[in-house]
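Colleague: I should be grateful for a close look at a single part of this model, namely its sheet. Please describe how the strands are arranged, and then place that part in its surroundings.

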Amino acid sequence: MTQALTLARPYARAAFALSREGGRTAAWSQALAFASRVAADPQAQTLLSHPLLNPADAVGLLAMDGADEAFTRFLGLLADNRRLALLPEITGLFEDLRAEAERVVKARVTAASELPAAELEAIKVALKKRFGRDVEIETAIDASLIGGAVIDAGDVVIDGSLKGKLERLQSTLSQ
């Protein structure tokens, strides 16, 4: 586990608790995603790490228009503690907490080429049956897989790619 994740975890938990209190987890999710994108920008990183930047200006740069007061106070706390660089990690951990609370499994399906909608739906149904939870699927394309797909759903990785099968066959033959 990286030090950044260790430092980000209590902030993510606090953000999640605050967002749930106000019943605004979706709004916080969007606001954190925006702030993370800004904080990850190289030009913004230079500005945010400048010792003369006051916390209020940092919050003004990172907060979306219309962000609720609790969220801007949260950003202010991060700015005061010089933890704005942790926003991407905080956002990722926040999303994990949100998915767990909403009983949603996030799965990434990587295929050699674009999968038809019917195939993605079949994968989603199978994963929902396996985990007993709703499933959100993100797709990616990796031509090196040759064919098939790799499904990564948290702690479970299912490698049904032709590349994976060839590697397993080669490993078996070399033993």
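**The sheet and its surroundings**

Modeller: Strands E1 and E3 run antiparallel and are joined by four bridges. This description rests on a predicted model. Strand E1 covers residues 104-111, and strand E3 covers 149-153. One pair can be named in this contact: Arg-108 has Asp-152 in E3 as its bridge partner.

On a wider view, E1 and E3 belong to an open sheet of four strands, ordered E2-E1-E3-E4, in which the pairing is mixed. Strands of a sheet pair through backbone hydrogen bonds, and they may do so in parallel or antiparallel fashion. E2 (134-141) and E4 (156-159) are the edge strands, each of which pairs on one side only. Between neighbouring strands of this sheet, the average turn is 15 degrees, with direction ignored.

The parallel pairing is that of E1 with E2, where eight bridges join the two strands. In this pairing, Ala-111 is placed opposite Ile-141 of E2. E3 and E4, by contrast, run antiparallel and are joined by four bridges. Here Ile-151 faces Ile-158 of E4 across the pairing. E3 and E4 form a hairpin with two residues between the strands, and Gly-154 in this hairpin adopts a positive phi near 70 degrees.

How enclosed is E3? Four of its five residues are buried, so the strand is largely enclosed by the rest of the structure.

Two loops that adjoin these strands deserve attention for their backbone. Most residues other than glycine have a negative phi. Arg-103, which is not a glycine, nevertheless has a positive phi of about 55 degrees. Its place is the loop between helix H6 (87-101) and E1. Arg-103 counts as partly exposed because its relative accessibility is 44%, which lies between the limits of 20% and 50%. Ile-146 likewise has a positive phi, near 70 degrees, and is a residue other than glycine. Ile-146 belongs to the loop between E2 and E3. With a relative accessible area of 53%, Ile-146 is exposed, because the limit for that class is over 50%.

Arg-108, named above for its bridge to Asp-152, also offers a point of reference for helix H8 (residues 162-174), which contains Gln-170. The C-alpha atoms of Arg-108 and Gln-170 are separated by 26 Å, the two residues being 62 apart along the chain. Gln-170 is exposed, at a relative accessible area of 57%.

To set the sheet beside a helical part of the model, consider helices H2 (residues 25-40) and H5 (residues 69-80). Their axes come within 11 Å and cross at roughly 35 degrees, and the crossing is right-handed. From H2, Trp-28, Ala-31, Leu-32 and Ala-35 meet Ala-70, Phe-71, Phe-74 and Leu-75 of H5. By class, this contact has eight nonpolar residues and no polar or charged ones.

A charged residue does, however, reach Trp-28: the side chains of Asp-68 and Trp-28 are joined by a polar contact of 3.2 Å. Asp-68 sits in the loop between helix H4 (55-62) and H5. Leaving aside residues up to four places away in sequence, Asp-68 touches Arg-24 and Trp-28. Asp-68 counts as buried because its relative accessibility of 19% falls under the limit of 20%.

Note on methods:
Residues are numbered from 1 along each chain as its sequence is written. This is a predicted model: local features need pLDDT of at least 70, side-chain atom pairs count only at pLDDT 80 or more; totals for chains, interfaces and linings use all residues. Side-chain values use heavy atoms; hydrogens and water are left out. Axes are lines fitted to C-alpha atoms, for helices over the stretch in contact, and angles run from 0 to 180 degrees between N-to-C directions. A crossing is left-handed if the near helix is turned anticlockwise from the far one by less than a right angle, and right-handed if clockwise. Contact means heavy atoms within 4.5 Å. Ala, Val, Leu, Ile, Met, Phe, Trp, Tyr, Cys and Pro count as nonpolar, Asp, Glu, Lys and Arg as charged, and the others, Gly among them, as polar. Two strands pair if DSSP finds at least two bridges between them. Buried means under 20% relative accessible area, exposed over 50%, partly exposed in between (1.4 Å probe, protein chains only). A polar contact is a pair of N or O atoms within 3.5 Å; within protein, one must be able to donate a hydrogen and the other to accept it, and residues adjacent in sequence count only if both atoms are side-chain atoms.
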